[in-house]
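Hi everyone, thanks for making time today. I'd like to walk you through a protein fold, one part after another. Here it is on the screen.

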Amino acid sequence: MNETHFFNRRTKLLDLMEEGVAIVTAAIPALRSNDTEHPYRQNSDFYYLTGFDESNSLLVLIKTHNETKTILYVEANDEQYALWNGARHGIEKAKERFDVDDVRNIKDFPDQIKDLLREHVNLYIDLFDDSEALSEAKLAARLLRETRGVKRHIRSFRDITHLIRSMRLVKAPEEIETIRRAVALTADAHHIAMKRSRVGMKEYQLQAEMAYVFVNGGGHTEAYGTIVAGGNNANTLHYVDNRDELRDGELVLIDAACEVELYASDITRTFPINGRFSEAQREVYNAVLEVQLRVIEAIKPGVKRDWLQTYSEELLCDALINLGVLSGERDALMEAKEHKKYSPHGIGHWMGLDVHDPCPYVDEAGEALAFEAGMVMTIEPGLYFRVDDESVEEKYRGIGIRIEDDILVTDDGCENLSAMIAKSVEEIEEMCSR
Ligand SMILES: [Mn+2]
């Protein structure tokens with residue numbers, strides 16, 4: 001991805017804005033403990049507009065009836081900081097890199113924000129951003145309102161995130177390429193996990209095998225907390241403890257994927273720890289797989305997301321009836337939400353700069369969005385039978401299965417970006433035997 005891509009996004013955002021000033025801030029570093037921090041992760045909206053990964057920076061976009069102005073505030077390079085933490089871009093290098101109208105020192109922002117806001121009525125911000133910079137901006141807006149002789153002042157705080165996230169919904173070719181790179185590494189990691197899985201290992205050891213692939217493949221991080229859930233642990237949807245032993249005759253559910261240039265992938269595979277599915281495991285696995293394949297098949301431009309959700313629940317309900325877990329008529333079971341007990345989560349979510357991309361799911365009128373080429377959504381049906389759940393046959397108890405792929409909507413249908421990852425019973429048993 002290059003500066004032209006980011007420049008074009010800023011231009012488009014200015015197009016979408018009414019007259020006013022927008023401020024988008026970098027993420028605040030997160031303290032881990034005492035004086036150590038979590039690895040820095042840039043605010044996705046800020047990154048989307050700049051590609052800049054330094055903290056303590058912010059972007060100002062100004063739009064009047066006849067002109068626009070873009071200003072990037074960054075930290076100046078500081079020798080002491082550089083000695084301990086490495087050099088920052090600084091003003092000069094940032095000027096070379098970014099195609100903005102001006103690069104300024106972040107230290108000057110509090111003194112300059114009042115002038116930037118003068119005579120504007122709209123201030124676009126993330127309404128839930130509690131950074132110091134936004135406090136400064138709000139203070140400046142208040143002072144301007146109280147100043148006699150100022151003809152126009154900020155009268156409304158507008159949500160900038162909605163505009164940016166609407167743009168983020170449809171991915172550009174360079175974004176899809178980046179997601180493909182993340183998926184490729186994730187594919188290798190899942191295959192390694194299948195190959196290395198042995199009875200008696202700890203869940204964290206499979207996690208470590210996968211983390212090695214991510215880091216060795218270019219220093220990339222996990223896109224979210226890795227789930228390695230052996231046996232009944234798979235029935236805890238957000239199990240991240242990963243400290244249990246992997247036992248003979250059980251499945252392991254792995255929901256893990258890496259991030260490349262801040263773009264996520266999100267993949268789940270469930271496979272037998274000893275390499276061979278039991279009969280009961282195979283029955284449930286194929287039931288979930290069938291649902292997943294049929295839902296993916298249904299994705300194409302024009303299809304509405306809420307229809308897809310209902311369709312997937314109907315298929316899961318049918319699967320539960322076929323397995324003998326539920327009995328009765330499907331519509332009545334759906335009405336009573338009986339299937340939700342064994343499949344409580346949604347069929348999928350937008351994916352991009354965030355693993356759960358916070359892009360809108362409904363249009364301005366509140367109607368469910370229809371798929372368009374360039375949208376990326378995960379498809380992840382699952383069935384979960386707790387080990388202590390006496391409402392299911394004993395042979396199914398303790399089985400939790402989810403299968404998740406990353407789906408790109410195309411002009412004439414969709415493409416499974418993670419189609420290369422072993423998924424059928426045969427492919428998985430073959431991969432496990434290597
Ligand atoms: Mn997911």
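Let me start with a term: two strands pair if DSSP finds at least two bridges between them. Strands and helices here are DSSP runs, numbered from the N terminus, with E over at least two residues for a strand and H or I over at least four for a helix. With that in hand, look at strand β15 (residues 405-410) and strand β16 (residues 413-416), which pair in the antiparallel sense over 4 bridges. A hairpin joins β15 to β16 through 2 residues. If you want one pair to click on, Thr 410 has Gly 413 in β16 as its bridge partner.

A word on what you are looking at: this is a predicted model, where local features need pLDDT of at least 70 and side-chain atom pairs count only at pLDDT 80 or more, while totals for chains, interfaces and linings use all residues. Residues are numbered from 1 along each chain as its sequence is written.

Now the overall layout. The protein divides into domain 1 (3-168) and domain 2 (170-432), with bounds that come from an automatic or database domain assignment. Taken over C-alpha atoms, the centres of domain 1 and domain 2 are 37 Å apart. How many residues of each domain are in contact with the other? There are 9 from domain 1 and 11 from domain 2, where contact means that the C-beta atoms, placed from the backbone, lie within 7 Å. On the domain 1 side, α2 (44-50) and α7 (160-169) each supply at least two of the touching residues. By class, that side has 3 nonpolar, 4 polar and 2 charged residues. Nonpolar here is Ala, Val, Leu, Ile, Met, Phe, Trp, Tyr, Cys and Pro; charged is Asp, Glu, Lys and Arg; the others, Gly among them, are polar.

On to the sheets. An open sheet of 6 strands runs in the order β6-β5-β4-β1-β7-β8, and its pairing is mixed. β6 (102-105) and β8 (156-159) are at the edges with a single partner strand each, so one side of each has no neighbour in the sheet. From one strand to the next, the twist averages 25 degrees. Within this sheet order, strand β4 (residues 58-63) and strand β5 (residues 68-74) pair in the antiparallel sense over 6 bridges, and Lys 63 stands opposite Thr 68 in β5.

Two helices come next. Helix α5 (residues 109-117) lies across β1 (20-25), β4, β5 and β7 (122-125), at about 15 degrees to β4. Helix α6 (residues 132-146) also packs on the sheet, touching β1, β4 and β7, and its direction makes about 160 degrees with that of β1. For these angles, axes are lines fitted to C-alpha atoms, for helices over the stretch in contact, and angles run from 0 to 180 degrees between N-to-C directions.

How do α5 and α6 meet each other? Their axes come within 9 Å and cross at roughly 45 degrees. α5 and α6 are therefore oblique to each other; the scheme calls angles under 35 degrees roughly parallel, over 145 roughly antiparallel, 65 to 115 roughly perpendicular and the rest oblique. Among the residues making the contact are Phe 109 and Ile 113 of α5, and Ala 137 and Leu 144 of α6. The contact of α5 with α6 has 10 nonpolar, no polar and 2 charged residues.

Compare that with a pair further along. Helix α10 (residues 279-297) and helix α11 (residues 305-322) pack at an angle of about 155 degrees, with their axes 10 Å apart. That makes α10 roughly antiparallel to α11. Among the residues that meet are Val 291 and Val 295 in α10, and Leu 308 and Leu 315 in α11. The residues of this contact divide into 8 nonpolar, 2 polar and 2 charged.

One last sheet. Here 3 strands form an open sheet in the order β9-β10-β11, with antiparallel pairing. β9 (227-230) and β11 (268-272) stand at the edges with a single partner strand each, so one side of each lacks a neighbour in the sheet. Strand β10 (residues 251-255) pairs with β11 over 5 bridges, and Leu 253 has Thr 270 in β11 as its bridge partner.

That's my tour, and I'm happy to take questions.
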